[in-house]
Amino acid sequence: MHGKFGSRNRQAGLGIISLIFIGLIIVALLIIGAKLVPAITEYLAIEKAVKQIRLDASTVPELRKAFDRYAQIDDIKSIAGKDLDITKESDKIVISYAYAYQIPIADNVRLVIDFSGTTSGRPKAGP
């Protein structure tokens, strides 16, 4: 009975259900990745604005106003000039900020990213 129909070799590989499942995971990751782009773009705009205002202004109110102007131009909505932590360390103005960006995933599910930055030359903590 080892003829044409006698022995069946089992095929190895993905079945249609597995392929659909993997496809759905890839699509979900791409959607989340696309929703991350505005958060990263805004963070980069904030970084640029903070570095620029440090060079443009010298007093705390001027720094806050300058940041608000940059925020209006670059469409920064997550943080305002009043949210900046402005200090002076040995004749150098240090501007720090921290904020959370929420990305809606589903009805009541959100991805929250905590952004922070500073113009200080101190090395950042971590590995």
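Two strands count as paired if DSSP finds at least two bridges between them. With that in mind, one can read this predicted model strand by strand, and a good place to start is Ala 100, whose bridge partner in strand 3 is Asp 114.

## Overall plan

The secondary structure of the protein comes to two helices and three strands, and from the N terminus on these elements follow one another as α-α-β-β-β. Of the 127 residues in the protein, 24% are buried. If one takes the contacts between residues at least 6 apart in sequence, 43% of them join residues that are at least 24 apart.

## The sheet

The three strands form an open sheet in the order 1-2-3, and their pairing is antiparallel. Strand 1 (85-89) and strand 3 are the edge strands, since each pairs on one side only. From one strand to the next, the twist averages 20°. Helix 1 packs on this sheet, where it touches strand 2 and strand 3, and the direction of the helix makes about 165° with that of strand 2.

Strand 2 (residues 92-106) and strand 3 (residues 109-118) run antiparallel and are joined by 10 bridges. The two strands form a hairpin, with two residues between them. In general, the strands of a sheet pair through backbone hydrogen bonds, either parallel or antiparallel. Besides the partners Ala 100 and Asp 114, another facing pair can be named here, for Tyr 99 stands opposite Phe 115 in strand 3.

## The aromatic residues

Which residues form the aromatic cluster? Tyr 43, Tyr 97, Tyr 99 and Phe 115 make up one such cluster, so that Tyr 99 and Phe 115, which stand opposite each other in the hairpin, are both members of it. The structure holds three aromatic pairs. In one of them, the rings of Tyr 97 and Tyr 99 have their centres 6.4 Å apart and their planes at 25°, and the pair is stacked because planes under 30 degrees apart count as such. Tyr 97 has a relative accessible area of 4% and is therefore buried, and Tyr 99, with a relative accessible area of 7%, is buried as well.

## The two helices

Helix 1 (residues 16-56) and helix 2 (residues 60-74) pack at an angle of about 145°, and their axes are 9 Å apart. The crossing in which helix 1 passes helix 2 is right-handed. On the side of helix 1, the residues that make the contact include Ala 45, Ile 46, Ala 49, Val 50 and Ile 53, while those of helix 2 include Leu 63, Ala 66, Phe 67 and Tyr 70. Sorted by class, this contact has nine nonpolar, one polar and four charged residues.

## Residues outside the helices and strands

Several residues in the connecting segments deserve a separate look, and the table lists four of them with their place and accessibility.

| Residue | Place | Relative accessibility | Class |
|---|---|---|---|
| Thr 59 | loop between helix 1 and helix 2 | 34% | partly exposed |
| Asp 75 | loop between helix 2 and strand 1 | 48% | partly exposed |
| Asp 91 | loop between strand 1 and strand 2 | 75% | exposed |
| Ser 120 | segment after strand 3 | 12% | buried |

Although Thr 59 and Ile 93 are 34 residues apart along the chain, their C-alpha atoms are separated by 9.2 Å. Is Ser 120, in turn, buried or exposed? At 12% relative accessibility Ser 120 counts as buried, because the limit for that class is under 20%. If residues up to four places away in sequence are not counted, Ser 120 touches Glu 89 and Val 94.

The two aspartates in the table can also be described by their backbone angles. Most residues other than glycine have a negative phi. Asp 75, however, has a positive phi of about 60° although it is not a glycine, and Asp 91 likewise has a positive phi, near 65°. By accessibility, Asp 75 is partly exposed at 48%, whereas Asp 91, at 75%, counts as exposed because this value is over 50%.

Definitions and conventions:
Residues are numbered from 1 along each chain as its sequence is written. This is a predicted model: local features need pLDDT of at least 70, side-chain atom pairs count only at pLDDT 80 or more; totals for chains, interfaces and linings use all residues. Side-chain values use heavy atoms; hydrogens and water are left out. Rings of Phe, Tyr and Trp (its six-membered ring) pair if their centres lie within 6.5 Å; planes under 30 degrees apart count as stacked, over 60 as edge-to-face and the rest as tilted. Buried means under 20% relative accessible area, exposed over 50%, partly exposed in between (1.4 Å probe, protein chains only). Axes are lines fitted to C-alpha atoms, for helices over the stretch in contact, and angles run from 0 to 180 degrees between N-to-C directions. Helices (H or I, at least four residues) and strands (E, at least two) are DSSP runs, numbered from the N terminus. A crossing is left-handed if the near helix is turned anticlockwise from the far one by less than a right angle, and right-handed if clockwise. Contact means heavy atoms within 4.5 Å. Ala, Val, Leu, Ile, Met, Phe, Trp, Tyr, Cys and Pro count as nonpolar, Asp, Glu, Lys and Arg as charged, and the others, Gly among them, as polar.
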